[in-house]
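Visitor: I should be grateful for a close look at a single part of this model, namely the sheet and the charged side chains placed on it. Please treat the matter in one connected account.

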Amino acid sequence: MGVVARPADEVPADDTDAAAATPVPILLDERVDIDAMGGYGFRIQTGDGLTWAEQAAASGPLNEVTRIGQYRFLHPDGTVHLMTYSAGVNGFLPVSDMIPTPHPLEPWHLQQIEFAERQKAEAAAAAEGDDQA
């Protein structure tokens with residue numbers, strides 16, 4: 001059995017998925033066509049607050065395409081999500097307050113690390129002394 005599309009005015013009233021899918025207007029859609037070296041660009045903005053812009057251009061002696069961009073949207077709780085990035089020969093490099101980072105180390109963590117390093121150094125020195133004896 002195949003899937004058949006139907007006009008929105010024929011969707012049953014009890015179809016909550018269809019009722020929740022509200023069209024979002026496109027406020028801005030600017031595009032720069034792909035050039036001979038692989039460069040391109042675009043800017044998009046939607047009625048629900050999403051913005052996304054990206055540019056790409058060939059660079060370096062081998063003409064590798066490097067991209068830079070940024071997107072922004074609102075989470076359901078109203079938190080702004082902003083991500084800037086570059087991508088090229090060094091990989092994808094995102095920058096955002098929304099990217100998880102390691103938990104900061106407490107002073108006692110640092111003391112434990114220093115203690116372990118001293119123990120390793122002492123064990124290495126003792127092993128070296130045993131080798132010379």
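Guide: The account below begins with the chain as a whole, proceeds to the sheet, and ends with the charged residues.

The model is a predicted one. Its protein chain has 2 helices and 6 strands, and along the sequence these elements follow the pattern α-β-β-β-β-β-β-α. Of the 133 residues in the protein chain, 10% are buried. Among the contacts with a separation of 6 or more, 8% are between residues 24 or more positions apart.

The 6 strands form an open sheet in the order S1-S2-S3-S4-S5-S6, and their pairing is antiparallel. S1 and strand S6 (91-95) are the edge strands, each of which pairs on one side only. Disregarding direction, neighbouring strands of this sheet are turned by 10° against each other on average.

Within the sheet, S3 and strand S4 (residues 64-74) run antiparallel and are joined by 9 bridges. Two positions help to fix the register of this pair: Ala56 stands opposite Arg67 in S4, and Ala53 stands opposite Gln70 in S4. The hairpin of S3 and S4 has 4 residues between the strands, and Gly60 takes a positive phi near 80° in this hairpin.

S4 also pairs with strand S5 (residues 80-88), in the antiparallel sense and over 8 bridges. Here Phe73 stands opposite His81 in S5. In the hairpin of S4 and S5 there are 5 residues between the strands, and Gly78 takes a positive phi near 95°.

Against this background, the charged residues may be considered. The structure holds 2 salt bridges. One of them links Arg43 and Glu30, whose closest N and O atoms are 3.1 Å apart. Because Arg43 lies in strand S2 (residues 40-46) and Glu30 in strand S1 (residues 26-32), the pair ties together parts that are 13 residues apart in sequence. Arg43 counts as partly exposed, at 42% relative accessibility. Glu30 is likewise partly exposed, with a relative accessible area of 39%.

The other salt bridge joins Arg31 to Asp29, with 2.7 Å between the closest N and O atoms. Arg31 counts as exposed at 57% relative accessibility, since the limit for that class is over 50%. Asp29, with a relative accessible area of 42%, is partly exposed.

Glu54 presents another case. This residue is placed in strand S3 (residues 51-59). Glu54 is buried yet has no salt bridge, and Arg67, the nearest side chain of opposite charge, is 4.4 Å away. Because a salt bridge requires a nitrogen and a carboxyl oxygen within 4 Å, the separation of 4.4 Å between Glu54 and Arg67 does not qualify under that cut-off. The side chain of Glu54 does have a polar contact of 2.4 Å with the side chain of Tyr85.

The surroundings of Glu54 complete the picture. Leaving aside residues up to four places away in sequence, Glu54 touches Tyr40, Gly41, Phe42, Arg67, Ile68, Gly69 and Tyr85. Arg67 thus appears both among the residues touched by Glu54 and as the residue in S4 that Ala56 stands opposite. Tyr85, in turn, is both touched by Glu54 and joined to Glu54 through the polar contact of their side chains.

Notes
Residues numbered from 1 in each chain as written. Predicted model: local features only at pLDDT ≥ 70, side-chain atom pairs only at ≥ 80, totals over all residues. Heavy atoms only, no water. Buried < 20%, exposed > 50% of the residue type's maximum accessible area, 1.4 Å probe, protein only. Lys, Arg positive; Asp, Glu negative; His and termini not counted. Polar contact = N/O pair within 3.5 Å; in protein donor to acceptor, adjacent residues only side chain to side chain. Contact = heavy atoms within 4.5 Å. Pairing = 2+ DSSP bridges. Axes fitted to C-alpha atoms, helices over the stretch in contact; angles between N-to-C directions.
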